[in-house]
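Here are a few exercises to work through with the model open in your viewer. Try each task yourself before reading its solution.

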Amino acid sequence: MVPPDERPVRFCPYCATALEPRDDHGVTRPTCPACGHIYYRNPVPAAGVLLRAAVGLLMVRRKFEPRAGAWGLPAGFMEFGETPEACALRELFEETGIRGRLTRLFNVYAGADDPRTRAILILYVAEREGGTLAPGDDAIEAGFFPLTALPAPIAFQSHVRALEEYRAELDSSTVPTVRGSQLQRPGGAAADRARE
Ligand SMILES: [Zn+2]
């Protein structure tokens, strides 16, 4: 099920012709009648880190909308041509001033509560390598917090889930598994299509 686009694209980015809804293998997509360009509305990948030091877990307070003033893990959208690993370390440095090293992939989350887009958040566990803690241009505050006293509110549900899974992993030494409603249904997306 593709959710409706609340702010649909109207013109072809290549030839400026007004786009028309056309069927593309069962999905209606804005299509250019002049040059044939099809607009695919895909989720945007983002990457970030869980970085824990002796003083706690590194968190950032957002300066800008959406959710200005709310807290999150250091993370941001990937640039074109960038790897998830490079994005995670770049966002870490830009938002907190801290240089890090990724030690492993933590988990991947589908975010549906960012009004700008659907996001795919790729989170890594990181260690501090250097730098000086200082909030970046898009942060009000950055700091380390004990896992038992994290700041609130948390901006996005994907970060809330990641923090729950991270705390559970530290408590029990269990590694988080892939979960999410779309994966718990037998057959997943293929079965969904078959049912339609
Ligand atoms: Zn066109």
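Four exercises follow, each with a worked solution.

This is a predicted model, in which local features need pLDDT of at least 70, side-chain atom pairs count only at pLDDT 80 or more, and totals for chains, interfaces and linings use all residues. Residues are numbered from 1 along each chain as its sequence is written.

**Exercise 1. Overall layout**

Task: Work out how many helices and strands the protein has, and in what order the elements run.

Solution:
1. Helices (H or I, at least four residues) and strands (E, at least two) are taken as DSSP runs, numbered from the N terminus.
2. On that basis the protein has four helices and nine strands.
3. Their order from the N terminus is β-β-β-β-β-β-α-β-β-β-α-α-α.
4. For burial, count other C-beta atoms, placed from the backbone, within 10 Å of a residue's own: 20 or more is buried, 12 or fewer is exposed, and in between is partly exposed.
5. By this count, 24% of the 196 residues are buried.

**Exercise 2. The hairpin**

Task: Find which strand pairs with β1 and in what sense, then describe the surroundings of proline 21.

Solution:
1. Two strands pair if DSSP finds at least two bridges between them. Strand β1 joins β2 (residues 27-31) through five bridges, in the antiparallel sense.
2. One of the bridge pairs links aspartate 23 with threonine 28 in β2.
3. Two residues separate the strands of this hairpin, and histidine 25 in the turn has a positive phi of about 55°.
4. Proline 21 belongs to β1 (residues 20-24). Proline 21 is exposed because 10 other C-beta atoms lie within 10 Å.
5. Contact requires C-beta atoms, placed from the backbone, within 7 Å. Leaving out residues up to four places away in sequence, proline 21 touches Thr28 and Pro30.

**Exercise 3. Along β1**

Task: Decide how many of the five residues of β1 are buried, and which residues aspartate 24 contacts.

Solution:
1. The number of buried residues in β1 is zero, and the strand is hardly covered.
2. Aspartate 24, also in β1, counts as partly exposed because it has 13 C-beta neighbours inside 10 Å.
3. Beyond its neighbours within four places in sequence, aspartate 24 is in contact with Arg29 and Ile38.
4. The C-alpha atoms of aspartate 24 and isoleucine 38 are 8.6 Å apart, with their positions 14 residues apart along the chain counted as separation.

**Exercise 4. Helix α2 and the core**

Task: Check the span of α2, identify its buried residues, and find which strand gives the most to the largest nonpolar core.

Solution:
1. The expected span is 1.5 Å times one less than the number of residues. For the 16 residues of α2 (residues 157-172) this gives 22 Å, which agrees with the 22 Å between its end C-alpha atoms.
2. Its buried residues are Ser158, His159, Ala162, Glu165 and Tyr166. Down the axis of α2 these fall within an arc of 125° (taken from the directions from helix axis to C-beta atoms), so they line one face of the helix.
3. The face turned away carries the exposed residues Glu164, Asp171 and Ser172.
4. The buried residues of α2 pack against β3 (44-53), β5 (71-72), β7 (98-111) and β8 (119-131).
5. A nonpolar core is a set of buried Ala, Val, Leu, Ile, Met, Phe, Trp, Tyr and Cys residues joined through C-beta atoms within 7 Å. The largest has 31 residues, and Val49, Leu50 and Leu123 have the most contacts inside it. Strand β8 gives the most, with six residues.

Note on methods
Two residues are in contact if their C-beta atoms, placed from the backbone, lie within 7 Å.
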